[in-house]
Amino acid sequence: MKGQGLRLYAILYLIFLYAPIVLLPIFAFNDATIISFPLRGFTTKWFAALADLPTLHLALKNSLIIAVSSSVLATTLGIFAARASTRYEFPGKGGLMGLIMLPLVLPEVIVAMSLLMVLLGIGIDLAIWTVILGHTLICTPFAIAILSAAFQSLDKSLEEAAYDLGESKLSTFRLITLPLVMPGIISSLLISFTISLDEFIIAFFLAGSEPTLPVYIYSQLRFPKQIPAIMALGTILVALSVLLLTIAEYFRRRGLKKTGAKDTGGFL
Amino acid sequence: MNTVPHAAPAPIASRPTMIEFRDVHKYYGDYHALRGINATIKAGEFFSLLGPSGCGKTTLLRTIAGFEDISSGAVLIDGKHMADVPANVRPTNMVFQSYAIFPHLTVEQNVGFGLRREGGTSAEKARRVEEALEMVGLKGYGKRAAHALSGGQRQRVALARALILKPKVLLLDEPLSALDKKMREQMQVELIRLQRQVGITFILVTHDQEEALVMSDRIAVMFEGQIAQLADPETLYRRPNSRQVANFIGVMNFLPARVLTEAAGRIAIDVQGLGQTEIDATQAPGAITGGETSVGFRPETLTMLYEGQTTTERETPGTIEEVVYYGDMTYYDVRLDGVDSPVRISMRNVFGRPVLDIGTRTRVAWSAGALVLFR
């Protein structure tokens, strides 16, 4: 049958995609240091072990600070750029937008290396904020792409109507533009946050003595007895990601329902 | 077409001026969008800007609202220069083509949006919103979500939202173009009623000549950034000043003609197929250069004569080439003897009058008073 082959393909594809992730919680709850079948029994001790790793806590704190800061920065910059590119015409617009979007396809290792050289060249110490800088750089193109779509679908006459009814340009932006592009802003914050949280190369190059979560996980892989704890950490991260996306999708759909706009696809 | 009871309005010419365009030019880069607009619009007038897309009518409207800067010239509202007055403080409000209803707000939040900046208690504002909704026939719709409304209802919300601020001028940018035919005709009548009720100046942009004729006190017909003719609907229809205007408004037949003599307010002409006749100078609203010209006449100014019918007007024989039946009307394309192309004649299908077949020989009655001479 014709449909049968496609169905098999879809199932194999999903297994390929999700089997490794499913293995995470399985071994996180397995009562053994070695990652192999058969399973030895149920335990939560690896989760408990996470509480006794001060370096992990530091890395987690660093990662959260970096992810929140760079997602807010990238989204703020993205709002300005998306607004400018969708509403105004100015000389060199095409080239400028192209240059801003370039980090999207530039190899990260190149970005990380050149940033490192510049920072060391002008004698700046590596710290959390240097990572924030790098992450903002790579998150901004994503933010612009998402926000441009949001601004593009906004009818220009809505802003003109508010202005015509006596509001200032600023209050028009606050009362009309911002609420209507809010789903885009939330998407942008979320994507930027996720990108920053699991970014490795830039963080590895620019963090100095302040490890981020991915850098910490990488460093722990050298110690086999730490691996189940890393599995537990991974399990928590997956659960949190799913929760975060669900919340974002809920708000996106609620926003759509409130404004009666057509659903043009979201995360889920 | 809808009919609206005509109250006796004050003659347009005697009313004070509300809007004045003084040699307004607008360039977009090299593109000359407005080419020297001179016009005055009177207080309380229902004024239409009519023309094909790209003629500059919407641009002109937006210069009144303050959404477009002009390159040279001046726009005055109620005697004041508008050059340095931004859109949010001009005494104008606009109904947008897309209605621009704020989708995240309720109907009453939309309608009351302009009151945010005004003083007064919230109870007072709520009362004004309720009044505005009642005026457009949406009483009780205040709590509804704006996005859940139909096209006609959105239109009404947009009207209420613009009128609640009691502007001196209401600007309407193709407000009916998104509605279906029936709804459009209903809204035309309501807009006229509303305009009489509030008494403020309405300026309507439309590409629909019928809409402009039905609703307006005066119409400015625009082509390529210029006003081709500014007149009341009847003058525009009966005495268009160019072939271009005549073609844009309704159907006009044209026949080649020659000016013979011009004296004492009378013009003697020789029209192909119709022969020699004499018309009044007022029947040549455009400048006449003499020599080769053309005459135009509307399909309904001709009458087909049936067997045995006589007329006090002039008559010309011809052959029916095409018959289009519309129910209440029948359109005939008749080739008059000695004429190169057929002319269109519309006949009302009154009881007992048969529809004629293609190829029938017929006689067409016409009168010199219905002719318009073009340069």
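Which residue in strand 17 of chain B is the bridge partner of B:Val323? In this predicted model, that partner is B:Tyr332, and the pair belongs to a region of chain B in which several strands are joined in the antiparallel sense, as set out below for strands 16 and 17 and for strands 16 and 19.

Strand 16, which covers residues 314-325 of chain B, pairs with strand 17, residues 329-336 of chain B, over seven bridges in the antiparallel sense. The two strands form a hairpin with three residues between them, and within the turn B:Gly327 has a positive phi of about 90°. Strand 16 of chain B also pairs with strand 19, residues 361-366 of chain B, where the antiparallel pairing extends over six bridges. In this second pairing B:Glu315 stands opposite B:Ala365 of strand 19, while B:Thr316 has B:Val364 as its bridge partner in strand 19 of chain B. Strand 19 of chain B is in turn joined by three bridges to strand 15, residues 303-305 of chain B, and these two strands run antiparallel. There B:Met304 stands opposite B:Val364 in strand 19 of chain B, so that B:Val364 faces a bridge partner in strand 15 as well as B:Thr316 in strand 16.Strands of a sheet pair through backbone hydrogen bonds, either parallel or antiparallel.

A further sheet of chain B is open and consists of five strands in the order 13-12-11-14-20, with antiparallel pairing. Its edge strands are strand 13 (275-280) and strand 20 (372-374) of chain B, each of which pairs on one side only. Neighbouring strands of this sheet are turned by 40° against each other on average, when direction is ignored. Within the sheet, strand 12 (residues 266-271) of chain B and strand 13 of chain B are paired in the antiparallel sense over six bridges, and B:Val271 is found opposite B:Gly275 of strand 13 of chain B.

Another open sheet of chain B is built from four strands in the order 2-1-4-5, and here too the pairing is antiparallel. Strand 2 (31-42) and strand 5 (80-81) of chain B each have a single partner strand and stand at the edges, so one side of each is left without a neighbour in the sheet. Strand 5 of chain B is joined by two bridges to strand 4 (residues 72-77) of chain B, the two running antiparallel, with B:Ile77 opposite B:Lys80 in strand 5 of chain B. Helix 1 (residues 57-65) of chain B packs on this sheet and touches strand 1 (17-28), strand 2 and strand 4 of chain B; the direction of helix 1 makes about 120° with that of strand 1 of chain B.

Chain A has 11 helices and zero strands, and its elements, from the N terminus on, run α-α-α-α-α-α-α-α-α-α-α. Taken along the principal axes, the box filled by the C-alpha atoms of chain A is roughly 70 × 65 × 35 Å.

The two chains meet in an interface where 22 residues of chain B are in contact with 23 residues of chain A. The size of an interface is often given as the accessible area lost when the parts come together. Between chain B and chain A the buried area is about 2000 Å², and carbon and sulfur atoms give 59% of this area. On the side of chain B, the residues B:Asn88, B:His104 and B:Phe113 supply 29% of the area that chain B buries against chain A, which is more than any other three residues.

Polar and charged groups also take part in this interface, across which 10 residue pairs in polar contact are found, together with three salt bridges. In one salt bridge, B:Arg62 is joined to A:Glu160, and the closest N and O atoms are 2.6 Å apart. Strand 6 (residues 92-95) of chain B gives the most to the side of chain B that touches chain A, contributing three residues. When sorted by class, this side of chain B has 11 nonpolar, seven polar and four charged residues.

Over all chains, the count of salt bridges comes to 28. Among them is a salt bridge in which the side chains of B:Glu234 and B:Arg238 meet, at 3.4 Å from N to O. Because B:Glu234 and B:Arg238 are four residues apart in helix 7 (residues 233-238) of chain B, they are separated by about one helical turn.

Methods. Residues are numbered from 1 along each chain as its sequence is written. Chains are lettered from A and ligands numbered from 1 in the order in which they are written. This is a predicted model: local features need pLDDT of at least 70, side-chain atom pairs count only at pLDDT 80 or more; totals for chains, interfaces and linings use all residues. Side-chain values use heavy atoms; hydrogens and water are left out. Contact means heavy atoms within 4.5 Å. Buried area is the accessible area (1.4 Å probe) that two parts lose on being put together, summed over both. A salt bridge is a side-chain nitrogen of Lys or Arg within 4 Å of a carboxyl oxygen of Asp or Glu. A polar contact is a pair of N or O atoms within 3.5 Å; within protein, one must be able to donate a hydrogen and the other to accept it, and residues adjacent in sequence count only if both atoms are side-chain atoms. Ala, Val, Leu, Ile, Met, Phe, Trp, Tyr, Cys and Pro count as nonpolar, Asp, Glu, Lys and Arg as charged, and the others, Gly among them, as polar. Two strands pair if DSSP finds at least two bridges between them. Axes are lines fitted to C-alpha atoms, for helices over the stretch in contact, and angles run from 0 to 180 degrees between N-to-C directions.
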